Amino acid sequence: MNISAIDLNLLVAFDALFSERNVTRAARRVGLSQPAMSNALSRLRALLDDELFVRSGRGMEPTARAQSLALPVREA
């Protein structure tokens, strides 16, 4: 993967999604609309070839890949 091709705003969206576990709250947290946050999640999923977050009764649950990325993304 070419790191220069990554929109760094997607990492901000990922961190918010990981923390909030809810697309609407994550969008509010970073100042995006809900559709824009959903679009960011779609782009992340395509870029990383993983679902990253799946719907559950408790919101959006991170996949194993998302969990492994959470700390490095937060530190970045």
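**Exercise 1. Find the residues that Asp 15 is in contact with, leaving aside its neighbours within four places in sequence.**

Step 1: Contact here means heavy atoms within 4.5 Å. With sequence neighbours within four places set aside, Asp 15 is in contact with Arg 29, Val 73 and Arg 74.

Step 2: Place the residue. Asp 15 sits in helix α1; helices (H or I, at least four residues) and strands (E, at least two) are DSSP runs, numbered from the N terminus.

Step 3: Look at the side chains. That of Asp 15 makes a polar contact with the side chain of Arg 74 at 2.9 Å. The term covers a pair of N or O atoms within 3.5 Å; within protein, one must be able to donate a hydrogen and the other to accept it, and residues adjacent in sequence count only if both atoms are side-chain atoms.

Step 4: Check accessibility. Buried means under 20% relative accessible area, exposed over 50%, and partly exposed in between (1.4 Å probe, protein chains only). Asp 15 has 17%, so it's buried.

A word on the ground rules: this is a predicted model, where local features need pLDDT of at least 70 and side-chain atom pairs count only at pLDDT 80 or more, while totals for chains, interfaces and linings use all residues. Residues are numbered from 1 along each chain as its sequence is written, and side-chain values use heavy atoms, with hydrogens and water left out.

**Exercise 2. Work out which parts of the chain the salt bridge between Arg 21 and Glu 61 ties together.**

Step 1: Get the distance. A salt bridge is a side-chain nitrogen of Lys or Arg within 4 Å of a carboxyl oxygen of Asp or Glu. For Arg 21 and Glu 61, the closest N and O atoms are 4.0 Å apart.

Step 2: Locate both ends. Arg 21 is in the loop between α1 (8-20) and α2 (23-30), and Glu 61 is in strand β2 (residues 59-62), so the bridge links parts 40 residues apart in sequence.

Step 3: Add accessibility. Arg 21 is partly exposed at 25%, and Glu 61 is partly exposed at 22%.

Step 4: Follow Glu 61 into the strands. Its bridge partner is Val 54. Strand β1 (residues 53-56) and β2 pair in the antiparallel sense over four bridges; strands pair if DSSP finds at least two bridges between them. β1 and β2 form a hairpin, with two residues between them.

**Exercise 3. List other salt bridges, and say which residues are joined into one network.**

Step 1: Start with the total. A search of the whole structure turns up seven salt bridges.

Step 2: Pick out two. Arg 29 bridges to Glu 20, with the closest N and O atoms 3.4 Å apart; Arg 45 does so with Glu 51 at 3.7 Å.

Step 3: Compare with the cut-offs. Arg 45 is partly exposed at 23%, and Glu 51 is partly exposed at 45%.

Step 4: Look for shared partners. Salt bridges that share them join Glu 20, Arg 25 and Arg 29 into one network.

**Exercise 4. Decide whether Thr 63 and Leu 32 are buried or partly exposed.**

Step 1: Thr 63 is in the loop between β2 and α4 (64-75). Its relative accessible area is 16%, so Thr 63 is buried.

Step 2: Not counting residues up to four places away in sequence, Thr 63 touches Asp 50, Glu 51, Leu 52, Phe 53 and Val 54.

Step 3: Leu 32 is in the loop between α2 and α3 (34-48). At 38%, Leu 32 is partly exposed.
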